[in-house]
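Ready to work through a two-chain puzzle by hand? Have a look at the picture first, then try each exercise before reading its solution.

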Amino acid sequence: MFLAKVIGVTWSNHKHYSYEGIEVKIIQDLNPESGEFAGKPFFAMDAVGSAIGETVAYEISFQAGQAFEHATVLTDATITAIIDSVNIDKEYI
Amino acid sequence: MIIGRVIGTIVSNAKEPKYEGYKLLVVKEMNVYGEYEKNFYIAADLIGSGIDEVVMLVTGAAARGSVETNEKGIDAVITAKIEKVFIDGKEIIF
């Protein structure tokens, strides 16, 4: 899993049937040590109902589709956790 | 997942028999702000999208993650049409 921040939402009227009731958010990678953005923004399914500005953890590749209880969703990035705090031991920085 | 604009179609008579029944579309990758990137994808179309539409692609191993594409050897699949995006406080309509 990776750390990211939700920075946007999308509107889509025509989707794959397995996306029923699931939102697509825009997220960008977050560097846990410095807290700055890393990489490019991309799209991810939202399994936990996160909002813009929240720090989240997301899964990639094949297991991203397995993060939903009711069905296998066709996705390669899924937001699976909303993160309250990240504690990094000073010694490692 | 990434988005891109459908810019063309692929016609292929001699192909993997498992690809029967899928429209193969040429998709030019875009970033979330709507600017074009350098990559192109040939993607199997699951939702009936046409030319000039901004679509969302699932790429890599996860593209096998549905009943239609399981064990089909497809690594880029169109799963949604994106009409509008709200990012950094402004709306971008594709």
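Below are five exercises, each with a solution in steps.

A word on the ground rules: this is a predicted model, where local features need pLDDT of at least 70, side-chain atom pairs count only at pLDDT 80 or more, and totals for chains, interfaces and linings use all residues. Residues are numbered from 1 along each chain as its sequence is written, chains are lettered from A and ligands numbered from 1 in the order in which they are written, and side-chain values use heavy atoms, with hydrogens and water left out.

**Exercise 1. Find the strands that pair with S2 of chain B, and work out how enclosed S2(B) is.**

Step 1. Strands here are DSSP runs (E, at least two residues; helices are H or I, at least four), numbered from the N terminus. Two strands pair if DSSP finds at least two bridges between them.

Step 2. Start with S1(B), residues 2–10: it runs antiparallel to S2(B), joined by 7 bridges. One spot to look for is Val6(B), whose bridge partner in S2(B) is Val27(B).

Step 3. Now go to S3(B), residues 36–45, which also pairs with S2(B) in the antiparallel sense, over 7 bridges. Here Lys23(B) has Asp45(B) as its bridge partner. The two strands make a hairpin with 5 residues between them, and Gly34(B) in the turn has a positive phi of about 100 degrees.

Step 4. Buried means under 20% relative accessible area, exposed over 50%, and partly exposed in between (1.4 Å probe, protein chains only). In S2(B), residues 23–30, 6 of the 8 residues are buried, so the strand is largely enclosed by the rest of the structure.

**Exercise 2. Locate the largest nonpolar core and say who builds it.**

Step 1. Such a core is a set of buried Ala, Val, Leu, Ile, Met, Phe, Trp, Tyr and Cys residues joined through side-chain atoms within 4.5 Å.

Step 2. The largest one has 29 residues, and Tyr19(A), Phe43(A), Met45(A) and Met56(B) have the most contacts inside it. At least two residues each come from S3 (23–30) and S4 (37–46) of chain A, and from S2, S4 (54–59), S5 (76–81) and S6 (84–87) of chain B. S4(B) gives the most, with 3 residues.

Step 3. Zoom in on Met56(B). Contact means heavy atoms within 4.5 Å. Not counting residues up to four places away in sequence, Met56(B) touches residues including Tyr19(A), Val24(A), Phe43(A), Ile3(B) and Val77(B).

Step 4. Another core, of 10 residues, lies apart from that one; among its members are Ile2(B), Val6(B), Leu25(B) and Val55(B).

**Exercise 3. Describe the contact between the two chains.**

Step 1. Count the residues: 32 from chain B and 29 from chain A take part.

Step 2. Get the buried area, which is the accessible area (1.4 Å probe) that two parts lose on being put together, summed over both. Between chain B and chain A that comes to about 2,400 Å², with carbon and sulfur atoms giving 63%. On the chain B side, Met1(B), Val32(B) and Phe86(B) lose the most area, together 25% of what that side buries.

Step 3. Look for salt bridges, meaning a side-chain nitrogen of Lys or Arg within 4 Å of a carboxyl oxygen of Asp or Glu. The rule finds 1 across this interface. Glu37(B) and Lys40(A) meet in a salt bridge, at 3.7 Å from N to O.

**Exercise 4. Is Ser66(B) buried or exposed, and what does Ser66(B) touch?**

Step 1. Find Ser66(B) in the loop between S4 and S5 of chain B.

Step 2. Its relative accessible area is 7%, so Ser66(B) is buried.

Step 3. Beyond its sequence neighbours up to four places away, Ser66(B) touches His16(A) and Leu74(A).

**Exercise 5. Trace salt bridges elsewhere in the model.**

Step 1. Over all chains, the search finds 6 salt bridges.

Step 2. In chain A, Glu23(A) and Lys25(A) meet at 3.1 Å, N to O. Glu23(A) is partly exposed at 48% relative accessibility, whereas Lys25(A) is buried at 3%. Both belong to a salt-bridge network with Asp46(A).

Step 3. In chain B, Lys81(B) and Glu53(B) meet at 3.7 Å, N to O. Lys81(B) lies in S5(B) and Glu53(B) in the loop between S3 and S4 of chain B, so the pair ties together parts 28 residues apart in sequence. Lys81(B) is buried at 13%, and Glu53(B) is partly exposed at 27%.
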